[in-house]
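Me: I should like to learn how to read the features of a protein model. May we work through one example together?

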Amino acid sequence: MSEYDEQRDNELEGVDGFSGELDDDLDTDPALAAAVLEIEEHAAGEGWDRPARLYALVDTATLVAQEPALASLMGLDAASAQGSLTPIEQDQLAPHVQLEDVLPTLVWPEGVVGCAAVVERLVLPPDVSGEIPEDPSAAAEFAASHPARQEVRIIAGVTRAGATYSALRLRSHDDAASVAAGADLVPQLTQLLAATLESDA
């Protein structure tokens, strides 16, 4: 691991549920990884200070077969469909709505094989965790005013088959080469997303 990667690991440890280690394991679902990275690139193009967003992930081959006109508008065809997932953005959440409050109320229809979310968060160095107030409002105010805060954009995705993948970009390292990606970076968020795909949720 390079000195920069180690520094990035330390910065990301403040993300809620971040595992503290970049995932270099290639044993991931390639279709999910490609979809998450596609969403990450799209989110990066839109810039920062955006509300949380949700995406349905659908099997591209099924979309091409069942909705050919829509697939054509999206530039999809049978050749590009094999073994891939297509992200479909849902209605944007209101700026004051917390993603974590919405997910427990959400259940996707059977045709959705996975889902993904984009959310921006403030993170703090691990050594200040003891100073964070217990009250959520006070904690948010503390994080927003702390001089060592970092802003991070998280893209997390899951499938009904149990695959997970996430990508994280720090605002202070806002370039594609600095994106951290792996299967287990934000387990708390991926668990919340996975629950929305359970048929008995």
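Me: How many bridges join β5 to strand β6, and in which direction do the two strands run?

Reply: The model before us is a predicted one. Three bridges join β5 to β6 (residues 180–182), and the two strands run antiparallel. One residue pair illustrates the pairing: Ser 166 has Gly 182 in β6 as its bridge partner.

Me: How many bridges join strand β4 to β5?

Reply: Seven bridges join β4 (residues 150–159) to β5, again in an antiparallel arrangement. Within this pairing, Ile 155 is found opposite Ala 167 of β5. The two strands form a hairpin with four residues between them, and Gly 162 in the turn has a positive phi of about 100°.

Me: In what order do the strands of the sheet lie?

Reply: The sheet is open and contains six strands in the order β2-β1-β3-β4-β5-β6, with antiparallel pairing. β2 (85–89) and β6 stand at the edges with a single partner strand each, so one side of each has no neighbour in the sheet. From one strand to the next, the twist averages 20°.

Me: Which helix packs on the sheet, touching β1, β2, β3, β4, β5 and β6?

Reply: Helix α2 does so, and its direction makes about 25° with that of β5. Another helix, α8 (residues 187–195), lies across β1, β3, β4 and β5 and runs at about 40° to β4.

Me: Why is strand β5 described as largely enclosed by the rest of the structure?

Reply: The count of buried residues gives the reason, a residue being buried when its relative accessible area is under 20%. Six of the seven residues of β5 (residues 164–170) are buried, so the strand is largely enclosed by the rest of the structure. For the protein chain as a whole, buried residues make up 42% of the 201 residues.

Me: How should I read the alternation of side chains, and is Val 118 buried or exposed?

Reply: In general, side chains in a regular strand alternate between the two faces of the sheet. Turning to the case in question, Val 118 lies in strand β3 (residues 114–123). Because its relative accessibility is 1%, Val 118 counts as buried. Beyond its neighbours within four places in sequence, Val 118 is in contact with Ile 39, Ala 43, Ala 52, Arg 53, Tyr 55, Arg 153, Ile 154 and Ile 155.

Me: Is the charged residue Glu 40 buried or exposed?

Reply: Glu 40, which lies in helix α2, is buried, with a relative accessible area of 5%. When neighbours within four places in sequence are set aside, the contacts of Glu 40 are Arg 153, Ile 155, Ala 167, Arg 169 and Val 179.

Me: What should I make of the sign of phi in a residue such as Asp 49?

Reply: As a general rule, most residues other than glycine have a negative phi. Asp 49 is not a glycine, yet its phi is positive, at about 60°. Asp 49 lies in the loop between α2 (30–46) and β1 (53–59), and it is exposed, with a relative accessible area of 56%.

Me: Finally, how many helices and strands does the protein chain contain?

Reply: The secondary structure comes to eight helices and six strands. Read from the N terminus, the elements run α-α-β-α-α-α-β-α-β-α-β-β-β-α. Among contacts with a separation of 6 or more, 70% are between residues 24 or more positions apart. As for the surface, the protein chain exposes about 10600 Å², of which carbon and sulfur atoms supply 50%.

How values were computed:
Residues numbered from 1 in each chain as written. Predicted model: local features only at pLDDT ≥ 70, side-chain atom pairs only at ≥ 80, totals over all residues. Heavy atoms only, no water. Buried < 20%, exposed > 50% of the residue type's maximum accessible area, 1.4 Å probe, protein only. Contact = heavy atoms within 4.5 Å. Pairing = 2+ DSSP bridges. Areas by Shrake-Rupley, 256 points an atom, 1.4 Å probe, with all protein chains shown as cover. Axes fitted to C-alpha atoms, helices over the stretch in contact; angles between N-to-C directions.
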